[in-house]
Amino acid sequence: METNYTYDSDSGKAWKKLYHRIEIDGLLDEQMAGAGHRRFAPALKIAATIAVIAAIGIPSIYFGVIRNEAGLLSQQHNAEKGVSSVDLPDGSRVFLNQGAEISYANGFEQGREVKLEGEAFFEVMSDPANPFRVYSGRVVISVLGTSFNVKGAEPVNDVEVWVESGMVRVALEKTGEFITLEPGDIGRAGGGGLTSSEQSDPNYISWKTKDFKFVDEALDHVLRELEESYHVMIHSDDLLVEELRITSTYREQSIDAILETIAAAFGLSVSKKENHYYLTQ
């Protein structure tokens with residue numbers, strides 16, 4: 001994982017509590033439990049350390065060790081706050097948008113397969129003999145080595161797949177119907193089946209890149225885009241933001257810096273309370 005963690009002085013106590021909880025839940029084999037948890041300690045010690053830091057509010061990603069349906073140990077990652085990155089066993093990397101969750105068998109013991117809920121951007125290492133598969137909603141996304149974005153929508157299981165590089169195969173899990181996407185294409189799986197088109201929104205993955213391009217754009221649309229990308233609330237109740245238009249680009253700037261620029265351009269004031277921002281005359 002990209003986030004760097006430090007060990008807390010109480011991590012030993014937390015490790016013992018976590019081990020005890022996992023043992024009660026039946027996640028340890030009898031042989032492992034009887035061995036004084038020595039063989040199982042490395043993987044679980046990471047989880048214990050992260051749990052300790054989570055208690056004081058530092059990390060933005062939850063990491064867990066569970067058993068999947070086949071009884072194999074699985075990894076589970078949930079981006080609880082903001083964007084988080086996860087390095088997979090094969091060297092591939094996943095960027096999880098806030099609220100997204102992935103899970104996969106330990107060490108990819110069942111192949112390079114992950115289950116995704118929510119939105120994530122994948123950078124997949126090439127391995128022609130071992131395709132990489134993402135299960136999301138009603139579809140299975142298959143690739144060899146590429147980068148692409150997957151966006152699932154609950155509760156209808158609609159899925160969007162946008163390809164940045166390489167080629168991606170998107171198939172309906174039940175029927176086997178599929179489409180092949182090339183760079184710049186976006187595929188959608190909805191009630192009408194599979195469709196594809198060219199993706200023209202320059203801000204489609206701004207939640208990951210924090211790069212924005214607005215050309216004669218209504219300010220209300222700009223503010224909504226910023227809300228979704230930075231996971232904040234921007235209030236402009238006293239302003240006719242739909243009548244204001246802006247042309248600008250922002251590259252890897254903080255939400256504070258962007259809103260200060262917008263406020264200056266329109267002679268507004270900006271204030272902040274926690275994750276709420278207020279634009280006023």
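A residue counts as partly exposed when its relative accessible area lies between the buried class, under 20%, and the exposed class, over 50%. With 44%, R245 is therefore partly exposed in this predicted model.

**Salt bridges**

Let's start with R245, whose partner in a salt bridge is D216, with 3.1 Å between the closest N and O atoms. This pair links distant parts of the chain, as R245 sits in strand β18 (residues 245-251) and D216 in strand β16 (residues 211-218), 29 residues apart. D216 is partly exposed too, at 45% relative accessible area.

The whole structure holds eight salt bridges, including these:

| Pair | Closest N to O distance |
|---|---|
| D87 and R93 | 2.6 Å |
| R112 and D90 | 2.6 Å |
| R245 and D216 | 3.1 Å |

In the pair of R112 and D90, R112 belongs to the loop between β5 (101-105) and β6 (113-117), while D90 belongs to the loop between β3 (84-87) and β4 (93-96), so the bridge ties together parts 22 residues apart in sequence. R112 is buried, because its relative accessible area is 3%, whereas D90 is partly exposed at 24%.

For the pair of D87 and R93, the relative accessible area of D87 is 33%, which means partly exposed. R93 falls in the partly exposed class as well, with 27%.

**A proline in a loop**

P202 is found in the loop between β15 (193-198) and α4 (206-209). Its relative accessible area is 55%, so P202 is exposed. Along the chain, P202 and F214 are 12 residues apart, and their C-alpha atoms are separated by 8.4 Å.

Key. Residues are numbered from 1 along each chain as its sequence is written. This is a predicted model: local features need pLDDT of at least 70, side-chain atom pairs count only at pLDDT 80 or more; totals for chains, interfaces and linings use all residues. Side-chain values use heavy atoms; hydrogens and water are left out. Helices (H or I, at least four residues) and strands (E, at least two) are DSSP runs, numbered from the N terminus. Buried means under 20% relative accessible area, exposed over 50%, partly exposed in between (1.4 Å probe, protein chains only). A salt bridge is a side-chain nitrogen of Lys or Arg within 4 Å of a carboxyl oxygen of Asp or Glu.
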